[in-house]
Amino acid sequence: MSGSSTVAIHADRDVQPSRAVAPPIYQTAAFWAEDAEQFAHAAVEPRGKDFYTRYGNPNHAQVAAVVAELEHTEAAMVTASGMAALTTAVLALVSAGDHVIGQRSTYGGTASVLLNLLPRLGVSTTQVDQTDPAAFERALTPRTRVLLLESPSNPLLQVTDLRAVSALARAHGVLTLADNTFATPLNQRPADLGIDLVWHSATKYLNGHSDVSAGVLAGPAELLDRIWDVALLTGATLGPFDAWLLLRGLRTLPLRMARHNANGQALAEALTDHPAVARVHYPGLPSHPQHALAGSQMSGFGGVLAVELTGGFAAADAFLGRLRYARRSASLGGVESLAVHPAAMWRGMLSEEQLAASGVAPGLVRLAAGTEDTADLVADVLTALH
């Protein structure tokens, strides 16, 4: 099997319809057919690439080919955003009366799907402590259809035992859907650990340049075909130019992740035991309660860490204002460092009670290390703490 950098550059060669070295942008809404038979086939081909761009596009197919090989899955598909990937998958896999289990520590948008969207559609949901695999088993009901997992979790960097939870789900005929945005397939491949479907906010590391909104799903072709049917109805279509930009970003993912991993680790180590810091959440630290588990299912620990400041909400806000390199922004995964105050940002997504239940402390800051020089980032963060 080829290495990750080779895969990122060449995995889409078989779905490249042109002999151009740099893939063209297929900026078209529709494609023409030679005859009625070809047209009829293209109109019903799941995840096709040459009928109508809502159905698929050559640029979509190229991204899907690269992601599927990186994630070690049979197939992949793209959507207009990470949330489009999640909601389209869940809508395709559950119906009114079903039950979905998610995590307490999870991205705010995912939490809102569990707490707000699905209950309105007649789907009951339960959130559990993902650090305890037995908690998932206790939450199972005869109507449970999907487990929504995220490891490491946003923003607390908690780790889910993907092997244990996927084995439990498989034994009960329940599908598992894992958010691999923070880890990327360079650091973790959930499918190799038994997970059925993997999704990403490709806006983040997969693209890597903060200029695209995109989502990706990877898994068995049969499951993706079911989701694609719903995607046709929701219309969460990724534009061809955005797909082209995403493909361009994927080419350098292995190179970028090596620096993200190094910078995340360096920041976490520099902030450990700092008097202004109450706690550092980063699975690459030996002090992380799940460090051994993280090491068993991850090959690197990423560029995101969460830091709890002793001064609470006001200290977190002031700290972000003093940073020179990391800009105050809600995203992550780009070449530039970003920082966010989750307690401030998620107030618009979750109620005060839901926010407290998620474990997000008022003084928590999420740092997303970019690819700047390591020494510069460390010096900047330490200066901003004074």
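Start by selecting helix 9, residues 221–234, in this predicted model. Put a distance between its end C-alpha atoms and you should get 19 Å. At 1.5 Å a residue, 14 residues should span 20 Å, so the two values agree.

Keep helix 9 selected and show side chains. Ala221, Leu223, Leu224, Ile227, Trp228, Val230, Ala231 and Leu232 are the ones to colour as buried. What do the buried residues of helix 9 pack against? Turn on strand 1, helix 4 (82–93), strand 5, strand 6 and strand 7 (215–219), and you have their partners. Then step just past the end of helix 9 to Gly235, where phi is positive, near 70 degrees.

Now over to the sheet. Colour its seven strands and read across: the order is 1-7-6-5-4-2-3, the sheet is open, and the pairing is mixed. Look at the edges next: strand 1 (75–79) and strand 3 (124–128) each have a single partner strand, so one side of each has no neighbour in the sheet. Going from one strand to the next, the twist averages 20 degrees.

Next, pick helix 5 (residues 108–120), which packs on the sheet. Helix 5 touches strand 2 (99–103), strand 3, strand 4 and strand 6 (197–201), and its direction makes about 155 degrees with that of strand 3.

Zoom in on strand 4 (residues 144–150) and strand 5 (residues 175–179): they run parallel, joined by five bridges. For one residue pair to click on, try Leu148, whose bridge partner in strand 5 is Leu177.

Last stop: helix 7, residues 162–171. You'll find helix 7 lying across strand 4 and strand 5, at about 175 degrees to strand 4.

Key. Residues are numbered from 1 along each chain as its sequence is written. This is a predicted model: local features need pLDDT of at least 70, side-chain atom pairs count only at pLDDT 80 or more; totals for chains, interfaces and linings use all residues. Side-chain values use heavy atoms; hydrogens and water are left out. Two strands pair if DSSP finds at least two bridges between them. Helices (H or I, at least four residues) and strands (E, at least two) are DSSP runs, numbered from the N terminus. Axes are lines fitted to C-alpha atoms, for helices over the stretch in contact, and angles run from 0 to 180 degrees between N-to-C directions. Contact means heavy atoms within 4.5 Å. The expected span of a helix is 1.5 Å times one less than its number of residues. Buried means under 20% relative accessible area, exposed over 50%, partly exposed in between (1.4 Å probe, protein chains only).
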